[in-house]
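Trainee: Please give me a close look at one part of this protein, the salt bridges and their surroundings. Start with whatever term I will need first.

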Amino acid sequence: MFHKRMRQIFVLFCLLSLFLLLSDPMISSYGGAKTDTGISPDKTTIQTKKYKEWLPLWKQEKADTGKILLTPGGTERDLNFSWYSKKKGTPAVMISADHLYIQAKIFRGTAHSISRSNGSITYHSANHVSVTGFLAENTQYYYRYTDNINSEDVKWSSTYEYHSRSFSSLAAILVGDAQIGASGTIPADTYNWSRTVEKALATEPKAAFFLSAGDQINYKTNTKDKGLREREYAGFLFPGLLRNIPIAAAIGNHESKGKDYQYHFHNPNNNDGYGSTPSGCDYYFSYGDVLFLVLNSNNRNSKEHRKLIKQAISEFPKAKWRIALFHHDIYGSGAAHSNRTSANMRIFFAPLMDEYKIDLAINGHDHSYARSFSMLDGTAIQNKSSALLNPAGTTYITLGSSSGSKRYELAKNKQFYVAERSNQPVPTFSTLNIIGNTLTLRTYDYNGKKYADDFQIIKTAAKENPIRMIKKAESKKAASYTKASFQKLKRRLKKIRALLKPISKDPGAQKAAKRFRKANDPLSYYGYAAGTTKALPKGFSTLLDKTRLRKVTVSASRLRTAYDNLRSAMSALKKTSLTVRAGKKKCKNKTRLRLKKGKKLKLKISRTPAKAAFTCRSASPRFVSISKKGVIRAKKRRKNAVPVKIKFQNRVLALYIQVK
């Protein structure tokens, strides 16, 4: 009896331990976790031994906001550099494949006059240099830079290393919202950000570059900051590994009002200024088979973003993959923004993703991880598998914070478009690998533990857009095709429309885009207008109403079947033609013919398909008759012309016969 009782106690203890284990947010790998507030200083970080050992290094370098930063160039053969200096000169970068610089090449750049202080040092030049057409794949390079190549006594920096990667495949690292300073402790955020960078590169050592989803720093206002923004940038620039690998960053809302972003980041293909705010604008670059579109989502002018995307696609039309990077998570799941301000942004950016068949959209903003189902026109294409084969629509990835400086709750109810989500309170990063037909995304915390399910897109055919096919099918005219083939098209068109419930034009979105930053702008976003920060009201936007009120979902298999059937019906359409001649005269619709009473006229009727029957009918057989073979007889005089109709399939040709 005693042993039986002990076994029962032991079982209860094990069950209790298991419950506590699974309910501990720091132990559970995926899912939701409670947070105290929107801003959560990481108190545990500053108490650790490793942080205390690291802190003297930060104190030694914290005043250095001038560190050089690498950014991708226009293609995989290019590389951009940017850094601050105290004096303005002619900046230059010397780069070589040998560390002795025997065959080095020097690239000169541009110096921009600035006056930026971090509270200790004031910088007067932002230096930008582009290395173009120089790089070969899988090659070790060495570089150094100077603030003024024209100086009599040129002072070069120390030597840094850069290793180019494969041009035929791609490995990259995704990070979101480092937001240095958001916890209230810049050193703690810098330490965690540095750990993330180190672990990410240890996990994916062949990464060609980082992609940052915005909010690199925290302080929003560019005036009266007393050097705070630049101290935060010093934290973001701090990791030494950033001297060895480029980083392509989107503009977050916390950067959008200051000009320092465009000084620190030397981005390619941005000369036209599309999508600009004071911080910078849209840009794009190509790497192998991938076209990256980096959009400034603080700008709601869809027309400008469309111009940038069209320009990028026209320059790289053969890119197999299209990936967009912008800050606001239009299909995220964070409690702070996903159901209001980010939902509003959906009406501007989701249609662009649909129109240009974007494979993957990478976002940040809500400091919580979410992966959407493939989204098309506001419809969630649900798939039980996390490996998608030739999916229609765009998958949206919302990245968690890469420093843990700020944490948010998840939305109370998991949205219909969310396939997976988590806000476990630990810094995270993702790796992106594209090899041939397969795109793979893996997500980890900064300890290297898996943070979310692996995700894949497998593309064995050109990306298709069912919405575009629907519009194309709707534009077909019945008169041009046989009855059977057109009726089949109509039936299949009705079925796929019932699944996707496509929206028509969205006048509300167009109106809001035109009013961006004007007095009548319906939205208020970080001081850019005086409108609402809540979700726009019912009836304003067709797309927003669909995604907030209707919540349309369809299984990937049902959509695939419906789409294939529609495409089959489109290709099976049989064209018709109908030609009617009265003697040598070709008759058009509503042609008028004159006949004397008692006379007859045999029409020559040609049609395609030739074996299909046609019918002839007179509106007033007492006055004018027409036989089955198209012979017209003028029986009696009549003041008004008599309509005669020849019908063939879906075509109708009317003649007007005047009896003299």
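Mentor: A residue is called buried when its relative accessible area is under 20%, exposed when it is over 50%, and partly exposed in between, using a 1.4 Å probe and protein chains only. This is a predicted model, so local features need a pLDDT of at least 70 and side-chain atom pairs count only at pLDDT 80 or more, while totals for chains, interfaces and linings use all residues. Residues are numbered from 1 along each chain as its sequence is written, and side-chain values use heavy atoms, with hydrogens and water left out.

The other main term is the salt bridge, a side-chain nitrogen of Lys or Arg within 4 Å of a carboxyl oxygen of Asp or Glu. The whole structure has 19 of them. I will take three.

Begin with Glu61 and Lys67. Their side chains form a salt bridge with an N to O distance of 2.7 Å. The two ends differ in exposure: Glu61 has a relative accessibility of 25% and is therefore partly exposed, whereas Lys67 has 13% and is therefore buried.

The second pair is Arg116 and Asp225, whose closest N and O atoms are 4.0 Å apart. These residues come from distant parts of the chain, with their positions 109 residues apart: Arg116 sits in strand E5, and Asp225 in the loop between strand E10 (209–212) and helix H4 (228–237). Helices (H or I, at least four residues) and strands (E, at least two) are DSSP runs, numbered from the N terminus. Arg116 counts as buried because its relative accessibility is 11%. Asp225, at 12%, is buried on the same grounds.

The third pair is Asp359 and Lys463, with 3.6 Å between the closest N and O atoms. Asp359 is in the loop between helix H7 (341–355) and strand E15 (360–363), and Lys463 is in the loop between strand E24 (455–458) and helix H8 (466–474), so this salt bridge ties together parts that are 104 residues apart in sequence. Both Asp359 and Lys463 are buried. As for larger groupings, salt bridges with shared partners join Arg116, Asp225, Arg229, Glu230 and Asp260 into one network.

Now stay with Lys463. Its relative accessible area is 14%, so it falls in the buried class. Contact means heavy atoms within 4.5 Å. Once neighbours within four places in sequence are set aside, Lys463 is in contact with Lys357, Ile358, Asp359, Pro391, Ala392 and Gly393. The list thus includes Asp359, its salt-bridge partner.

Gly393, also on that list, can be viewed from its own side. Gly393 lies in the loop between strand E19 (387–389) and strand E20 (395–398). With a relative accessible area of 7%, Gly393 is buried. Apart from residues up to four places away in sequence, Gly393 touches Ile358, Ser374, Met375, Leu376 and Lys463. Ile358 therefore touches both residues, since it is a contact of Lys463 and a contact of Gly393. For a sense of scale, Gly393 and Arg622 are 229 residues apart along the chain, and their C-alpha atoms are separated by 61 Å.

Return to Arg116 and the strand that holds it. Strands pair if DSSP finds at least two bridges between them. An open sheet of four strands, paired antiparallel, runs in the order E1-E2-E6-E5. Strand E1 (69–72) and strand E5 (110–117) are at the edges with a single partner strand each, so one side of each has no neighbour in the sheet. Arg116 is therefore on an edge strand. At the other edge, E1 pairs with strand E2 (residues 79–85) in the antiparallel sense over four bridges. Within that pairing, Thr71 stands opposite Asn80 in E2.

For comparison, there is an open sheet of three strands with the order E29-E33-E32, again with antiparallel pairing. Its edges are strand E29 (600–602) and strand E32 (624–626); each has a single partner strand, so one side of each is left without a neighbour in the sheet. E32 and strand E33 (residues 631–634) are joined by three bridges in the antiparallel sense. Ile626 has Ile632 in E33 as its bridge partner.
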